[in-house]
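Trainee: I am new to reading protein models and would like some company. Could you take me through one part of this one slowly, ring by ring?

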Amino acid sequence: MKHITLLLTGLLFLSFSQAKSIVEGSFPKATGKQYTIYLKSLETAVGDLIPINEEIRVGADNKFKFEIDLTKATLLNLIVISESAEGNKSNIVSVVYLEPGKKLTVPYTLICNHWVQPNYSAIKDKNNRALLEVQAKALMLNKELYDLPFDPIKTKAVMYQFYTASEHILASRKIHKSVQKYIRFYSFDQYNTALYRAGMELNKSSDSAKKNYYQQPKDPIPFFNDELTLSFYNGVSNIVNYLNLATGLAPYSRRKSLAQIEQQNQLLQNDIRNIQVKDKVLERILSSFSASYRAENNFEEDLKIYTQLAQHIQDTIVRDETVKAFENLRYTLKGAKWPDLQFRSASGIPIHLDHFKGKYVLIDVWASWCVPCIKMLPYLHTLEQQYKDQNITFIAISIDADKTKWENKIKELKLEGHQLLDQQGEFAKKMNITGIPHYILYDPEGKLVSYKTALPDNHELKKLLDTLLSRP
């Protein structure tokens, strides 16, 4: 009898351990919208778990159901993309809490006939009801802030409700510690995101007014020292903005000197202990500097300082990639030779840029999904016709990751001439191209004449070409 009891206990345990965790729900009917829903792990919550990344295209019954294997309780992103018949899309991201073998049902409701939102009042589980209620109230507070004319005192009073609303919810019921922590971090993130965003209105205010406005009701350092802050979309940005203010810069400052970055890095190393957070923040600061940097005669000196700063990034792969991205800026120096890369033509033939030596080369970096790129094509075609008998070659390099979409767009637009594909975007990376369309001009020796050439509809481009091509 004892053996039978043990066997039954073992079978029950095995059955429980193999039970699926379920996230299910429904959407309002007859909205004229189609829904795609994703269930994803929070970046910092994966740990020893298998990362979750599931997608469901919601059918005619407007219901969805995810079944996943969990070995421990975790926080997950539940992302809904709703698409109208006209093709307009909106999304709502919610964080939910799921335990092994448990089921969570999330009904969605329509808000203002525009977007859907979880109906937290219908959630039975107290952890998820608290999570979704806090997120719903934050959404309404953000809307209120958007509609409210900026006033430093009144605006901050509304922002403070991110904290009071969440603390009221936490005080009213027993919530799991990990959920409590997430809600407090979420409130801090929402407060700071709104603080820096609205603070852009303070540009003409006095220094004392700015100082008073940016005073924090909660010490930010404990939040910045926790890896959970990386799970928020604006988590790293909020730390960078904090460092901007601490070094006398405005939030969202785009242009910084290396001396200012050295100052910010010193604060980062002194105040933040968490290695993952420090790495992400410094990588963001250096990458932003690299993206806006224009290489000139002092490049080698700047590279030395930049490399020294990057040594503080503990992740060696990230560190090497960050330095390599800056080193690639050599290719943007006037007179620099084009990158040693090979591309594929529309007919599948491998082609190196050296193949075009002997003539000036105007390169159009584009993609099939880029609307501004496509709008420029007729102007580019006109230029190509005007200079067809002169010493210049026009090349289009697509950064499409999907070869078929590129090929289809070539056929659809009846594109001719030198159509090349850079599926991995290597040319764009080496040339530090952060936006397309982007036009680059090389001389007959393959050396850079103009890194960021005027658009084809700009008369300045024609003037430049006429000047160059008229030379003996």
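Mentor: Happily; what follows is a close look at the aromatic rings, with a short visit to a few other spots afterwards.

Please keep in mind that this is a predicted model. The average pLDDT of the protein is 90, and 94% of the residues reach at least 70. One stretch calls for care: over residues 6–17 the pLDDT stays under 50, and the model has one contact there beyond four places in sequence. Where pLDDT is low, the predicted coordinates should not be read in detail.

Now to the rings. There are 26 aromatic pairs in total. Among them is the pair of Tyr 182 and Tyr 186, with 6.3 Å from centre to centre and 25° between the planes. Why is this pair called stacked? Because planes under 30 degrees apart count as stacked, and the angle for Tyr 182 and Tyr 186 is 25°. Find helix H5, residues 177–198, and you will see both tyrosines in it. Tyr 182 and Tyr 186 are four residues apart, which is about one turn of the helix. Are they buried or exposed? Both Tyr 182 and Tyr 186 are buried.

Rings can also link up in a group. Phe 27, Tyr 35, Phe 64, Phe 66 and Tyr 108 are joined into a cluster by ring pairs.

Some rings have a charged neighbour instead. Look at Tyr 38: Lys 40 lies over its face, 5.5 Å from the ring centre. A second example is Tyr 213, where the charged end of Lys 156 sits over the ring at 5.8 Å from the centre.

Let us leave the rings and turn to the cysteines. The model has one disulfide, and it joins Cys 370 to Cys 373 with an S to S distance of 2.2 Å. The link of Cys 370 and Cys 373 is right-handed, with 80° about the S-S bond. Cys 370 counts as buried because its relative accessibility is 4%. Cys 373 is buried too, with a relative accessible area of 1%.

Our last stop is helix H13, residues 371–386, where you will find Thr 382. Thr 382 has a relative accessibility of 41%, so this residue counts as partly exposed. If you would like to try the distance tool, pick the C-alpha atoms of Thr 382 and His 114: they are separated by 43 Å, and the two residues are 268 residues apart along the chain.

Conventions: Residues are numbered from 1 along each chain as its sequence is written. This is a predicted model: local features need pLDDT of at least 70, side-chain atom pairs count only at pLDDT 80 or more; totals for chains, interfaces and linings use all residues. Side-chain values use heavy atoms; hydrogens and water are left out. Rings of Phe, Tyr and Trp (its six-membered ring) pair if their centres lie within 6.5 Å; planes under 30 degrees apart count as stacked, over 60 as edge-to-face and the rest as tilted. Helices (H or I, at least four residues) and strands (E, at least two) are DSSP runs, numbered from the N terminus. Buried means under 20% relative accessible area, exposed over 50%, partly exposed in between (1.4 Å probe, protein chains only). A charge sits over a ring if NZ of Lys or CZ of Arg is within 6 Å of the ring centre and within 35 degrees of the ring normal. pLDDT is the predictor's confidence in each residue, from 0 to 100. Contact means heavy atoms within 4.5 Å. A disulfide is a pair of cysteine sulfur atoms within 2.5 Å.
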